[in-house]
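Open the model in your viewer and keep the sequence panel visible. The stops below are given in an order that can be followed by selection.

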Amino acid sequence: MKTWKIEIVLACLSVVGLIGVAVTKTLWTKAMFSALEFHFPITTCAISCAVTIVALAPVFLCIDLKPVPKGQYGNFTTIAVLTALDLACMNLGLDALDVSVQQALNAATPAAVIMFELLFFRKVRSTWVYLPFIPLIAGSVLTTLASGSHESSPSGVFFMICAIFSGALKAITTHNFLTKMKNEMGVLSFLFWLDIAMLSLLIPGAYLFEEFRGIAHWPRALEIFAWAVVISNGLFGGVRAWLVKVVLKYNTALTKVVCDIIIKAATIGLSVVIFQNTLTTWMLVGIILTMGGFSLYTTAAFYEKMSLRNCVDSPVVKKGKRSCSRKSEPACMVAQAVPERRRISDGDVEEQPLLDSPQHASRA
């Protein structure tokens with residue numbers, strides 16, 4: 001009875017904590033860029049990697065630090081390059097755009113994932129998964145046009161598009177390798193070497209964007225408080241990754257789906273209030289369409305995943321025959337039509353890049 005109560009408390013706290021940390025992370029980063037005038041987004045990513053490395057280093061005094069498996073160096077390098085590109089472009093977009101616009105564009109990431117799945121692997125989803133992309137993409141485009149970001153901050157829109165496609169490409173091409181390496185190395189060893197690899201890529205990137213020269217002339221370069229805020233921001237990535245695991249451990253996968261929707265809505269809503277962004281009627285319409293499409297997609301993708309899991313596990317389906325209810329028939333048809341190696345993973349929901357932002361999925 002006592003254990004049961006503790007699990008309920010942990011389930012509730014993990015959900016509240018994940019939403020709070022995820023929303024705070026985005027708003028905190030934007031506040032650094034605007035209030036502290038720390039317009040060095042690639043350096044911010046590098047600091048986050050450095051903080052994670054320093055935080056993990058003492059842990060390996062107690063546990064073994066496992067190396068990258070032999071024969072996986074190429075795959076590991078690909079993961080590091082795409083993840084670093086995704087993080088850098090995401091922060092560059094956040095620095096140049098309002099949070100509401102950046103989040104609306106970021107919500108279109110599932111559309112890129114689905115497109116790459118279809119082009120590269122011919123993975124076919126059910127109709128209900130494709131339909132939400134109409135309001136999702138329309139809302140993202142409308143929000144961008146109504147905000148005028150395509151004129152005032154074209155570079156921000158460009159970097160967000162790069163982040164969307166690099167994150168989607170990473171999600172579908174390196175997902176199996178990433179999961180395999182995590183299992184062989186352990187999550188902590190994997191994150192440690194991944195952050196070292198990304199740091200070696202982000203530092204030259206910051207130099208090419210002349211951020212080091214900008215930091216030398218930063219008005220708050222000698223303020224301890226300003227640097228404390230910047231360095232503290234780097235801790236959020238690891239905390240969020242841990243909270244994602246706790247949510248999935250003590251809650252259902254559907255709870256994680258709902259959390260992602262709430263995080264998007266809360267981030268957009270609070271950003272408008274905190275940063276006093278101008279919200280036009282068409283921007284509001286675009287945000288509503290984006291959130292509606294994102295919510296419909298996450299719900300449809302979740303139920304498709306559950307239906308496919310039930311169908312794949314069914315001994316009748318495994319023999320190549322159809323034995324599905326009328327309600328789950330479309331998903332079962334997909335399960336039978338797509339080869340086994342191309343089907344959606346029927347493992348833990350964390351193994352399927354369903355709806356997490358690539359930035360956060362890679363850290364988790």
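The expected span of a helix is 1.5 Å times one less than its number of residues. This is a predicted model, and the tour begins with a helix to which that rule can be applied.

**Helix α7.** Select residues 133-147, which form helix α7. The helix has 15 residues and reaches 21 Å from its first C-alpha to its last, close to the 21 Å expected at 1.5 Å a residue. Now colour its buried residues: Phe 133, Leu 136, Gly 139, Ser 140, Thr 143 and Thr 144. Look down the axis of α7: the buried residues fall within an arc of 140°, so they line one face of the helix. Then step to Gly 148, just after α7, where phi is positive at about 80°.

**The whole chain.** Zoom out to the protein chain, which has 19 helices and zero strands. Of its 364 residues, 50% are buried. Among contacts with a separation of 6 or more, 84% are accounted for by residues 24 or more positions apart.

**Ile 19.** One place to see contacts between residues far apart in sequence is Ile 19, in helix α1 (residues 2-34). Is Ile 19 buried or exposed? Its relative accessible area is 17%, and buried means under 20%, so Ile 19 counts as buried. Show what surrounds the residue: with neighbours within four places in sequence left aside, Ile 19 is in contact with Cys 259, Ile 262 and Ile 263. Add Lys 256 to the selection; Ile 19 and Lys 256 are 237 residues apart in sequence, and their C-alpha atoms are 10.0 Å apart in space.

**Two loop residues.** Follow the chain to the loop between α1 and α2 (41-56), where Glu 37 is placed. Phi of Glu 37 is near 55°, a positive value in a residue other than glycine. Glu 37 is partly exposed, with a relative accessible area of 44%. Next select Glu 210, in the loop between α11 (187-208) and α12 (211-216). Phi of Glu 210 is also positive, near 55°, and this residue too is not a glycine.

**Helices α3 and α4.** For the last stop, display α3 (residues 73-96) with α4 (residues 99-106). Their axes come within 8 Å and cross at roughly 145°, and the crossing is right-handed. Which residues make the contact? From α3, select Met 90, Gly 93 and Leu 94; from α4, Val 99, Gln 102 and Asn 106. By type, the residues of this contact divide into three nonpolar, three polar and no charged.

Definitions and conventions: Residues numbered from 1 in each chain as written. Predicted model: local features only at pLDDT ≥ 70, side-chain atom pairs only at ≥ 80, totals over all residues. Heavy atoms only, no water. Axes fitted to C-alpha atoms, helices over the stretch in contact; angles between N-to-C directions. Helix = DSSP H or I, 4+ residues; strand = E, 2+ residues; numbered from the N terminus. Left-handed = near helix turned anticlockwise from the far one by under 90°. Contact = heavy atoms within 4.5 Å. Nonpolar A, V, L, I, M, F, W, Y, C, P; charged D, E, K, R; others polar. Buried < 20%, exposed > 50% of the residue type's maximum accessible area, 1.4 Å probe, protein only. Arc of directions from axis to C-beta.
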